[in-house]
Amino acid sequence: MPEQFRLGCPSIDTQHELIFAMYHELLRSQQQGEDSYELEFVFLSLNSYAGTHFRHEEEFMRSCGFPGTESHIREHRSLALQVGQLRGRFVLAGSLEEKRAIAGEVAVFLLGWLEHHISVVDRELCDYLLEHHIQSPE
Ligand SMILES: [Fe+2]
Ligand SMILES: [Fe+2]
């Protein structure tokens, strides 16, 4: 994961590494023309991992009284909704071509997530934790 996405909170950084790895896996599968099972696998992993990751950050934010908790959670809801919608379209897509095109959209969506949510919104949370000397849980 490029340094600009590393926020200094070990458990959050480790989870972001995984999201970054999924982004690369999705790009690879999509560009190498993998079949729909491979694309489906990456999709499923992303769908369930996004939920796990958001819960981790949200429980943590609430327990340490982070002032931006509510707006951060709203962004998680919107990201989760978009992942769900992309997944719904992927499942209904009639051809492999269509599935590959949607996988390409997911890659663009994930890059936006990395560049905006992680680099800006998650960074505010981690800066707050570092400033207040709060250790992130494992
Ligand atoms: Fe977040
Ligand atoms: Fe995050």
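In the predicted model, contacts between residues at least 6 apart in sequence are dominated by long separations: 71% of them join residues at least 24 apart. The chain contains four helices and zero strands, and its elements follow the pattern α-α-α-α along the sequence. The radius of gyration is 16 Å, close to the 14 Å that the globule rule gives for 138 residues, so the chain is as compact as a globular protein of that length. Taken along the principal axes, the box filled by the C-alpha atoms is roughly 50 × 25 × 20 Å. Of the 138 residues, 22% count as buried.

Helix α3 covers residues 69-92. At 1.5 Å a residue, its 24 residues should span 34 Å, and the C-alpha atoms at its two ends lie 35 Å apart, which agrees with that expectation. The buried residues of α3 are Leu-79, Val-83 and Phe-90. The elements that cover these buried residues include α2, residues 36-64, and α4, residues 96-131. In general, residues three or four places apart in an α-helix point the same way, because the helix has 3.6 residues a turn.

The packing of two helices is described by the angle between their axes and the distance between the axes. For α2 and α3, the axes come within 11 Å and cross at roughly 170°. Angles over 145 degrees count as roughly antiparallel, and α2 and α3 are therefore roughly antiparallel to each other. On the α2 side, the contact is made by Phe-43, Leu-46, Asn-47, Ala-50, Gly-51, Phe-54, Glu-58, Met-61 and Arg-62. On the α3 side, Thr-69, His-72, Ile-73, His-76, Leu-79, Ala-80, Val-83, Arg-87 and Phe-90 take part. The residues of this contact divide into ten nonpolar, five polar and three charged. Leu-79, Val-83 and Phe-90, the buried residues of α3, are thus among those that contribute to the contact with α2.

Cys-64 is also found in helix α2. Cys-64 has 16 other C-beta atoms within 10 Å and is therefore partly exposed, since a residue counts as buried at 20 or more such atoms and as exposed at 12 or fewer. Leaving aside residues up to four places away in sequence, Cys-64 touches Leu-129 and Ile-134. The C-alpha atom of Cys-64 is separated by 9.9 Å from that of Gln-135, a residue 71 places away along the chain.

Terms used: Residues are numbered from 1 along each chain as its sequence is written. Chains are lettered from A and ligands numbered from 1 in the order in which they are written. This is a predicted model: local features need pLDDT of at least 70, side-chain atom pairs count only at pLDDT 80 or more; totals for chains, interfaces and linings use all residues. The expected span of a helix is 1.5 Å times one less than its number of residues. Two residues are in contact if their C-beta atoms, placed from the backbone, lie within 7 Å. The radius of gyration is taken over C-alpha atoms; the globule rule is 2.2 Å times the number of residues to the power 0.38. Axes are lines fitted to C-alpha atoms, for helices over the stretch in contact, and angles run from 0 to 180 degrees between N-to-C directions. Angles under 35 degrees count as roughly parallel, over 145 as roughly antiparallel, 65 to 115 as roughly perpendicular and the rest as oblique. Ala, Val, Leu, Ile, Met, Phe, Trp, Tyr, Cys and Pro count as nonpolar, Asp, Glu, Lys and Arg as charged, and the others, Gly among them, as polar.
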